[in-house]
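Here is a short set of exercises to work through with the model open beside you. Try each task before you read its solution.

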Amino acid sequence: MNQSQGFFKDIQISCLVVGWLLSNTASIILSFRVWGGQSMTDSAPSWFFYSAEMIHSLFLINHLGDIFLEKHWKSVISRSVCDYFFEAREKAVDPENVPPVLQTPHHYLISIYRGKLFFLSVIQTEVPPLFVIEFLHRVADTFQDYFGECSESVITDNLVIVYELLEEMLDNGFPLATESNVLKEMIRPPNILRSVVNTLTGGSNVGETLPQGQLSNIPWRRAGVKYANNEAYFDVTEEIDAIVDKSGTTVSAEIQGVIEACVKLSGMPDLTMSFMNPRLLDDVSFHPCVRFRRWESERVLSFIPPDGNFTLMTYHISSQNLVAIPVYVKQSINFFEAGSCGRLDITIGPKQTMGKTVEDLKVTIHMPKAVLNANLTATQGNYTYDCTTKMLVWDIGKLNPQKLPNLRGSLSMQTGVPNPEENPSLNIDLKIQQLAISGLKVSRLDMYGEKYKPFKGVKYVTKAGKFQVRT
Amino acid sequence: MQEWANQLCENRQFGSKMTDSKYFTTTKKGEIFELKAELNSDKKEKKKEAVKKVIASMTVGKDVSALFPDVVNCMQTDNLELKKLVYLYLMNYAKSQPDMAIMAVNTFVKDCEDPNPLIRALAVRTMGCIRVDKITEYLCEPLRKCLKDEDPYVRKTAAVCVAKLHDINAQLVEDQGFLDTLKDLISDSNPMVVANAVAALSEIAESHPNSNLMDLNPQTINKLLTALNECTEWGQIFILDCLANYTPRDDRESQSICERVTPRLSHANSAVVLSAVKVLMKFMEMLPKDLDYYGTLLKKLAPPLVTLLSAEPELQYVALRNINLIVQRRPEILKHEMKVFFVKYNDPIYVKLEKLDIMIRLASQANIAQVLAELKEYATEVDVDFVRKAVRAIGRCAIKVEQSAERCVSTLLDLIQTKVNYVVQEAIVVIKDIFRKYPNKYESVIATLCENLDSLDEPEARAAMIWIVGEYAERIDNADELLESFLEGFHDESTQVQLQLLTAIVKLFLKKPTETQELVQQVLSLATQDSDNPDLRDRGYIYWRLLSTDPVAAKEVVLAEKPLISEETDLIEPTLLEELICHIGTLASVYHKPPSAFVEGSRGVQHKRLPGSTESGESESPDTTSAAAVSDAPPAVIPSQGDLLGDLLNLDLTPPTTTGPPPPASSGMQMGAMDLLGGGLDSLLGGDLGGSPAIGAGFGAPPAAMPASFSAPVSGGLDDLFDLGGGVGMPMGAYSAPKTVWLPAMKAKGLEISGTFARRSGVIQMEMTLTNKAMSVMTDFAIQFNRNSFGLAPAGPLQVLTPLNPNQSIEVTLPLNTVGPVMKMEPLNNLQVAVKNNIDVFYFSCQYPISMLFVEDGKMERQVFLATWKDIPNDNEAQFQIKDCHLSSDAASNKLQGSNIFTIAKRTVDGQDMLYQSMKLTNGIWVLAEMRVQAGNPVYTVSLKCRAAEVSQWVFQSYEAVLKN
């Protein structure tokens, strides 16, 4: 620290000698940030040189800042290391804004925020942070999968299973088994019935044998699957992320698509899915089961599916393509200096809906702090204004093209406070059944390798993702 | 904690009897004791419940290590669940209680033979966690068996165990041959085993950089690539990271690896995607740019990067930090994807700030309108930090895209009209930079800025405003009033503002001397007498002395032409960028710092560099780099202060060569008592004011108050500074080679000419010795040059006035200029000369060292250097080695400076000094250089970058010539 003060001082002296002024000083300091970087002053304790594993410890922290679970894959690290995190948490005000990668004198803290919980991992050496973040999300997914939700109460209710899971997922910092199919065979998920049976018979929650999938080259599928009814369902869900400006012009719009599958087929089925218009898909990521070469050459998805629920693929249609925007919004929100009030008038109408009905339409506005209350009339649906969170929510429901929903009225403002500078953005939620707004369509689904006739189905739905209208 | 647990249980007691929280319902008193009793119970069920209680306590951070022996006693059981739970416990405490863990050794060894693979794996895995030498002896045999186990689950667990064991006792692992077994596992039939083997090997290799463990050759690479297709996502990450360390032999191999890695870009796991991007970014360096495949690859890289931005915000953040690097290295990849970086209002702030940064990097003439519209939108958002950065971004756009400057300025003015305090302040700070970039263009807005003077409360904005007022004092009618208003609260201002105010008032005084003497006196005395801040005091004294000794010089110095600020202010230095590209996806890439800054301690740090397309792979082989790079020296990246001071002085003081002679050393001593301004002020103020006693007294006063001890160092320092600043005289003198014979007497009827070239005081000279070896007198000498590469031509006639008698020699110096006709010669520095005398015309050719052409103002500004270095294509980079050079880097730098090779910056990494140098040729060609000097190593490496690549080898020759003489 002393050194760096002296360092800047010298810059200033030299600048003053040459009359080489202010902005240069600024740019030099700036440039040194890049050229130099900080040197680490703390010397590491000797134990530091030991471990080279990736994830050292995991702490689960609730929204109050209590650590309610800790797991160490190597030596125990004192939970005081979390103090650095709490400091950052304090500074960030909102939990969403805590930086995911934090540096402390001896460790790195990499965290994710899921379901009002922080998953905080402690790292001692250079590791790919994405690796850690992906893994943490996978842990959260697994909890979700096992317990139906990922919350503090459900985790503390199942501490032992959670602990077994964590141990099975990571060994010495290397992920061992993260596929839900595989895990479930080694550690059985809790269910009331089994718990009762276990208590009566002395049975256990731990699988006695190794999952079969571990032995084969298709680790995602267990062997010997049998169903009375063989069925395969696919849900194509598209979310529109869009920014629309004041005048109604689309600033950016893109589609995040995902194909979720629920496959309950006996034996080792080999599926092939083809599309009407595979050209749309130039930016895709697949479940490991998909044969990439076939996709590259023939544009079909060929795969031996995992058993049960899984995400077959996700795709992204970028703003360079023309993305249809299903609704338009006419709005005006004004705040007046005199009388400390404001006016709000919003109308929503259909734009490009491909003849389908827009449902579950909802508008959310985060009002400026100065807005005390809202006195509005909605021609359709209900509105609520929560004056502590400043959230105005207008729940519209189905959009009737003949009678456009409108919300208008006045806003009462805090007196004596200057007018809010910022205009609130509108967040739109909506849903359109039986439509993939990109135009994507599955043309056929074939099964090879097994003799029976499965029941097949594909469902489409379009939703609003981060759909924002600026005012 | 106990209370918390109890409370938790109470809350849950209602409906959840079957859950694990029941394990907390023990009484506060004697909890451990109670557990101990239960653990030793005869009933299996009770034992199991007790172990579960122990584990539940462990997860909430309670210390239950006291129960170690009791838990270990439960280990010998045929109940798998109980066994597993005990192992869980052991893994947690074995490290802290190794001695007790030995108690369990027999069970471990037995379990390693169990028919159930799950138990075998568990046992070998847990044993590996116990860090006691004694236990490792017992571990070896079971481990060897497990590595060859028929079950892949056991093998993959055993592979990781080798890494654990290596950490405890590396020698043992080597002696037992486990490393070879591990290497064999890379060819295992099961992809998960391969993945873990690779992971274990890379971990071991990382901790022993010299072990030569991962000797990557085409065969192993092929194995890895095959495994890549089949193994788990995590294993793919290990394999890709491992591949990234390989340097392909040629572009064909490089391409084939890229082809096999590209499918990974479509993986659902973002860490796989980013690791694949790293491999591709690195290997594509080796591909020729005209290859079709190169273009295909570039196109393939964009979609996965864009997709990363639709993932969870934490992933987005890491992705954005990396995209920031990628965009700097290869802007073409994402140039059409601007829109995905547009900010959504509910993005977390850390994502917003990163997106903004990348938007600026991608801003170009084509998309600037869109970008500006977005930025203006952001400037009205709620989050103050974000708004500030958005306003700054507008300024950066103006500086980066010249065509947009006008629109940016008007946008900024709009924002100033909002009167939002922090927006106004940020806007003023950036407008100052815009003034610097486009002088005499936008000064009309000054009036608007001045209106907001009162609302500025942040030091940076105040300082910027004061700078503007000082800089444009002649255009602002009431500049003196404005500055005076700041002066009132001088002592309450921050140092930044004080310094700026001092400078601004001195500028004002130099521009409008008549009206502002009082003001300048006031500020000088405030700065020198009443301030405790040494910077301020020093600056005050220096101005004072400047004004008193030589106001003309003061004017030259204070009002000197300022270099334009360059486009990108925060580019990453090219070598660091190259290194970071090799580390995409790591912490280094998130912090944009070299990896050596992260890996604490003695793990060897390998400096990775991108492979060049022109170089063969040999020089980059991992062996040589790792051997050279192991060093314990802590990274010291901040250049030494002395250098910096010198740099800056040289940088800026060289131009005002007309400053006049430096003040004599004795003048420093006069300061003590005499009128500081002396007669100097007269010339500035004109006759009518010059004699005014008031001024003399006013300026004369402060030195009396100055402590006597203070004057000497100040004057000494001043002289030093001026010596440096006088800068015309070169510290070492330009190097010139000894004379060589250009024209032997035999070929020129008795006239022998030997000569050399030199650059003295900025003039290129040809120094010749003419010797008459003939029998007759020679007269009527004249000289002419043929057209040559740099337009060298004699600046005057050859001055041989007296006839040259037989056996007489004469020294002639011929000044040259560079305005002659230009024709490219081969070699480039060849000069064909014709000399005439009364006997005949003779022709000869000689080669001049290119360092003659390095001009005195060849010092590039840092920022310009960075931008230029980046801008010049890599194809133009040439690398040379200078052998047997024993100078320190500072001495070398000094020596080179004598020949107008200027060191702009110096950086030390692991004992290796990197000097960044620039030189400019007479015809305006810039040559940029990076010289690496390793202490104790007589071989220097010089990398040269120049738009005209053909000069590089001649520049290198000059380097060698200068350094070796």
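**Exercise 1.** Which residues does Thr941(B) touch, not counting residues up to four places away in sequence?

*Before you start.* This is a predicted model, in which local features need pLDDT of at least 70 and side-chain atom pairs count only at pLDDT 80 or more, while totals for chains, interfaces and linings use all residues. Residues are numbered from 1 along each chain as its sequence is written, chains are lettered from A and ligands numbered from 1 in the order in which they are written, and side-chain values use heavy atoms, with hydrogens and water left out.

*Solution.*
- Step 1: find Thr941(B) in strand E13 (residues 940–946) of chain B. Strands (E, at least two residues) and helices (H or I, at least four) are DSSP runs, numbered from the N terminus.
- Step 2: list the contacts, meaning heavy atoms within 4.5 Å. Thr941(B) touches Gln879(B), Phe880(B), Gln881(B), Glu930(B), Met931(B) and Arg932(B).
- Step 3: check the cover. Thr941(B) has a relative accessible area of 15%, so it is buried; buried means under 20%, exposed over 50% and partly exposed in between, with a 1.4 Å probe and protein chains only.

**Exercise 2.** Describe the surroundings of Val154(B).

*Solution.*
- Step 1: Val154(B) is found in helix H10 (residues 152–168) of chain B.
- Step 2: its relative accessible area is 0%, so Val154(B) is buried.
- Step 3: leaving out residues up to four places away in sequence, Val154(B) touches Pro117(B), Arg120(B), Ala121(B), Cys146(B) and Asp149(B).
- Step 4: look also at Ala123(B), 31 residues apart from Val154(B) along the chain; their C-alpha atoms are separated by 9.8 Å.

**Exercise 3.** Compare the span of helix H14 of chain B with the expected one, then find where its buried residues lie.

*Solution.*
- Step 1: H14(B) covers residues 218–230, and its 13 residues should span 18 Å at 1.5 Å a residue. The expected span is 1.5 Å times one less than the number of residues.
- Step 2: the end C-alpha atoms of H14(B) are 19 Å apart, which agrees.
- Step 3: the buried residues of H14(B) are Ile221(B), Leu224(B), Leu225(B), Ala227(B) and Leu228(B). They cover an arc of only 165° around the axis, so they are on the same side of H14(B); the arc is that of the directions from the helix axis to the C-beta atoms.
- Step 4: recall the general pattern. An α-helix has 3.6 residues a turn, so residues three or four places apart point the same way.
- Step 5: what covers these residues includes helix H13 (191–207), helix H15 (233–243) and helix H16 (251–261) of chain B.
- Step 6: turn to H13(B), where 14 of the 17 residues are buried. H13(B) reaches 25 Å from its first C-alpha to its last, close to the 24 Å expected.

**Exercise 4.** What is the strand order in the open sheet of five strands in chain B?

*Solution.*
- Step 1: the order is E1-E2-E3-E6-E5, with antiparallel pairing. Two strands pair if DSSP finds at least two bridges between them.
- Step 2: strand E1 (740–743) and strand E5 (793–794) of chain B stand at the edges with a single partner strand each, so one side of each is left without a neighbour in the sheet.
- Step 3: eight bridges join strand E3 (residues 763–772) to strand E6 (residues 809–817) of chain B. Thr771(B) stands opposite Ser809(B) in E6(B).
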